[in-house]
Amino acid sequence: MLEYPTFKNYSRKLMTLTLIFKNDEILLGMKNRGMGKGKWNGFGGKVEPNETIDDAAKREVKEECGLDVISMEKIGIIDFEYVGSKEILEGHIYFCNLFEGDIIESDEMAPIKWFKIKDSPCDTMWIDHKFWFPMILKQIPFKAHFKYLNDDTMLDSTIILQNTVNKTKETWVNVVVKKYNQILVCKHVDESEYINKHKRVMTEESIENAALRYLKSQYEITTEEVQKIAVVNIELLDKPYIQEIHFFVLDVESTNATLTNNYQWFDIKNIQAQKLWPDDKFLSTLFMMKPFNAYFLIDNDNVLCSKYNDN
């Protein structure tokens, strides 16, 4: 579904990062030197020659905060790429909630303190933290790539869940009715919210017929043909399925379709994107009327990864 970047002729430096949890709290330290100086972070560093990655993770925790790791689990592997560099930092990410000893601040990390997970200081952590942190909390194995211009500017991200192979795929349709830069939107009883629901394709029903059925039931519009523009795969982080949604567009300026309802037209720039689509880019891309594919990894309402590709 997603193409993971390949790094031919790149060297690799192995790194570790261990996040320590206690009930609903996470232990973080302020980095005082080197890479990430001034940012809150978990505990880790580079793997030494002739050292296993697991041993390096335990050693770094001991050196940076004084705790002895009793048990830990590797959840993710992240490739960090920097523009202009031919070296990939391969970070191995661990979850730890079983440890012993007393917290001791170090030259590397100080202060060190417990934060409520919901109050994690995301604004003063690495940018990528907010994208992969939900996988750590739910202990869902993943692999990720983050491309940086510098420590504070991310250019690209890719996240692949390692449990995707066991997920089933469900086929759905959605039809957008447009004219110029306006969209016809069904309104809920609560007028502060708009809805644009997908419909599942029935057994032995063609995707095109499902789209026509969608138009009839959702908008009371009857037409003979609609144009498929996008195929969008939406993966919800902890659900056992992936929604494959086929998006069609009905441009009423170029068809003979008759509108028989009282739904309102909205300019796409005035629609709150998060109430309808995964991100702000989606609707404008759809309105270009050029076929494309897209993928979204979503946790609750937060988009953790989005990819657009020409079809």
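**Figure 1. Buried residues and termini of helix α4 in the predicted model.** Helix α4, spanning residues 280-287, has as its buried residues Phe282, Leu283, Thr285, Leu286 and Phe287. The structure shown is a predicted model. At the start of α4, the backbone nitrogen of Lys281 lies within 3.3 Å of a side-chain oxygen of Asp279. Just after α4, Met289 adopts a positive phi of about 65°.

**Figure 2. The largest nonpolar core and a second core apart from it.** The largest nonpolar core comprises 35 residues, and the residues with the most contacts inside this core are Trp132, Met135, Ile136, Phe142, Phe146 and Ile159. Helix α2 (residues 129-138) gives the most to the core, contributing 5 residues. Apart from this core lies another, of 24 residues, which includes Val232, Ile268, Leu286 and Phe287. Leu286 and Phe287 also appear among the buried residues of helix α4.

**Figure 3. Contacts of Met135.** When residues up to four places away in sequence are not counted, Met135 touches Ile75, Ile140, Phe142, Ile159, Leu161, Leu237 and Leu304. Phe142 and Ile159 are, like Met135 itself, listed with the residues that have the most contacts inside the largest nonpolar core.

**Figure 4. The salt bridge between Glu90 and Arg12.** The side chains of Glu90 and Arg12 meet in a salt bridge, with an N to O distance of 3.0 Å. This pair links distant parts of the chain: Glu90 belongs to strand β5 (residues 87-100) and Arg12 to strand β1 (residues 11-22), with their positions 78 residues apart. Glu90 counts as buried because its relative accessible area is 14%, under the 20% cut-off. Arg12, with a relative accessible area of 42%, is partly exposed.

**Figure 5. Further salt bridges and a charged network.** The structure holds 20 salt bridges. One of them joins Lys62 and Asp68, whose side chains meet at 3.4 Å, N to O. Both partners are partly exposed: Lys62 has a relative accessibility of 40%, and Asp68 has a relative accessible area of 31%. Glu25 forms a salt bridge with Lys22, in which the closest N and O atoms are 3.9 Å apart. Lys22 is partly exposed, at a relative accessible area of 34%. A network of salt bridges links Glu51, Arg59, Glu60 and Glu63.

**Figure 6. A nonpolar patch on the surface.** Val83, Leu149 and Leu155 make a nonpolar surface patch of about 260 Å². Leu155 is located in strand β8, which covers residues 153-161. The relative accessible area of Leu155 is 47%, so this residue counts as partly exposed, the range for that class running from 20% to 50%.

**Figure 7. The protein as context for the close-up views.** The protein has 4 helices and 17 strands. Along the principal axes, its C-alpha atoms fill a box of roughly 70 × 45 × 35 Å. Of the 311 residues in the protein, 48% are buried. Among contacts with a separation of 6 or more, 67% are accounted for by residues 24 or more positions apart. The protein exposes about 16,400 Å², of which carbon and sulfur atoms supply 46%.

Methods:
Residues numbered from 1 in each chain as written. Predicted model: local features only at pLDDT ≥ 70, side-chain atom pairs only at ≥ 80, totals over all residues. Heavy atoms only, no water. Salt bridge = Lys/Arg side-chain N within 4 Å of Asp/Glu carboxyl O. Helix = DSSP H or I, 4+ residues; strand = E, 2+ residues; numbered from the N terminus. Buried < 20%, exposed > 50% of the residue type's maximum accessible area, 1.4 Å probe, protein only. Patch = residues over 30% accessible without salt bridge, like charges linked within 9 Å, V, L, I, M, F, W, Y side chains within 5 Å. Areas by Shrake-Rupley, 256 points an atom, 1.4 Å probe, with all protein chains shown as cover. Core = buried A, V, L, I, M, F, W, Y, C linked by side-chain atoms within 4.5 Å. Contact = heavy atoms within 4.5 Å. Polar contact = N/O pair within 3.5 Å; in protein donor to acceptor, adjacent residues only side chain to side chain.
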